[in-house]
Amino acid sequence: MNKKIFLSRRIPDAGIRLLKDSGFDLDMHQQDEPLPPEALREKVRDVQGLICLLDDTIDAALINAAPKLEVISNMAVGYNNIDTGYAKSRGIAVCNTPGILTQSTAELAWALLFAISRRIPEADTFMREGRFSGWKPLLMLGGDISGQTLGVIGTGRIGTAFALMSKGFNMRVLYSGKPNPELDKELHAENVDLETLIRESDFISLHIPLRKENHHLIGKKEFTLMKPTAYLINTARGPVVDEAELVRVLKAGRIAGAALDVYENEPALTPGLTELDNVVLAPHIGSATVPVRNRLAVMAVDNCLKILRGESCENRIV
Ligand code: GLV
């Protein structure tokens, strides 16, 4: 009998074409919204392949509902939505889509850095509301970027690309975690402990995966350590930041601002966040360029097909 694949969301056509040409049986949830967990469990009952997204919860209950499952292919680089340990114990392969979105996510972190420090969304609203009555010495003052200290937490692929993009801005670059010879060589970056990074940076950008040890890595204590003129940028995963605490410090003006692409209870926002001027909010669009999303879709499908065909797959996590 032919193997069957379930695709949990509408994805770019390039991925759909590859799936349709694969020869496997297909079932697709061709919508932009995720299926509720019970509906997803129903859909995977007789499939060997599941192609899912970062907001599909692939936990033990889902895996148990799919007795024939051979592969879970996540169209995302992060895979904190999947119980990889449980999948492994059941002999199910898990794949992700690394590499493709490195530059686009690093670029978005820079876009957010500029947007918050130079108050671009606020300035745009100001113009559209017809409030511009002429140049004023004290209008929309923001923070400097060139020559400032950039703190990069997490220097994997995306964090490294983000740090390297600072080259034109003559910044002092600090990073925490494992030594990164490329950053040391290219930027004379300094590998420092987290507390030093938080204390000394003018911009702190998060590029770490969500793991237990990173939950609320930036919380009450860390906000207290930050300079009152510093900005926080999060394009990694929401729960790395204690969002309720962030709202409190932003409200109190304890830090200069924050720019977020990811949220602790995504897609819900912590109450108070949207009422603040010193925050810029984006809807998890780090990888959202046409070419990148096309390539992500193709890679996620390709990973699934390779495993179902018994081929090796370089993007296999477990
Ligand atoms: C996006 O957040 C991803 O993990 O691919």
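Reader: How many residues of domain 1 are in contact with residues of domain 2, and how many of domain 2 with domain 1?

Author: This is a predicted model. A contact here requires heavy atoms within 4.5 Å. By that criterion, 8 residues of domain 1 meet 5 residues of domain 2.

Reader: Where do the two domains lie along the chain?

Author: Domain 1 is assigned to 4–100 + 290–308, and domain 2 to 102–281. Their C-alpha centres are 32 Å apart.

Reader: What area is buried between domain 1 and domain 2, and which residues of domain 1 supply most of it?

Author: Buried area is what two parts lose in accessible area on being put together, summed over both. Here it amounts to about 570 Å², with carbon and sulfur atoms giving 46%. On the side of domain 1, Leu54, Asn80 and Gly99 contribute 56% of the area buried against domain 2, more than any other three residues.

Reader: How many salt bridges and polar contacts cross this interface?

Author: Between domain 1 and domain 2 the rule finds 0 salt bridges, while 2 residue pairs are in polar contact, both residues at pLDDT 80 or more. The side of domain 1 that touches domain 2 consists of 5 nonpolar, 3 polar and no charged residues.

Reader: Turning to the ligand, which residues are around it?

Author: The surrounding residues are Leu54, Ala76, Val77, Gly78, Leu101, Arg237 and His284. By class, this shell holds 4 nonpolar, 2 polar and 1 charged. Leu54 belongs to this shell and is also one of the three residues named above for the domain interface.

Reader: Which polar atoms of the protein lie by oxygen atoms of the ligand, and at what distances?

Author: A polar contact is a pair of N or O atoms within 3.5 Å. From the backbone, a polar atom of valine 77 is 2.8 Å from a ligand oxygen, and a backbone N or O atom of glycine 78 is likewise 2.8 Å from a ligand oxygen. From a side chain, a polar atom of histidine 284 lies 2.6 Å from an oxygen atom of the ligand. On its own the ligand has 190 Å² of accessible area, and the protein covers 88% of it.

Definitions and conventions: Residues are numbered from 1 along each chain as its sequence is written. This is a predicted model: local features need pLDDT of at least 70, side-chain atom pairs count only at pLDDT 80 or more; totals for chains, interfaces and linings use all residues. Side-chain values use heavy atoms; hydrogens and water are left out. A residue is near a molecule or strand if one of its heavy atoms lies within 4 Å of it. A polar contact is a pair of N or O atoms within 3.5 Å; within protein, one must be able to donate a hydrogen and the other to accept it, and residues adjacent in sequence count only if both atoms are side-chain atoms. Accessible areas come from the Shrake-Rupley method with a 1.4 Å probe; for residues, only the protein chains shown count as cover. Ala, Val, Leu, Ile, Met, Phe, Trp, Tyr, Cys and Pro count as nonpolar, Asp, Glu, Lys and Arg as charged, and the others, Gly among them, as polar. Domain bounds come from an automatic or database domain assignment. Buried area is the accessible area (1.4 Å probe) that two parts lose on being put together, summed over both. A salt bridge is a side-chain nitrogen of Lys or Arg within 4 Å of a carboxyl oxygen of Asp or Glu.
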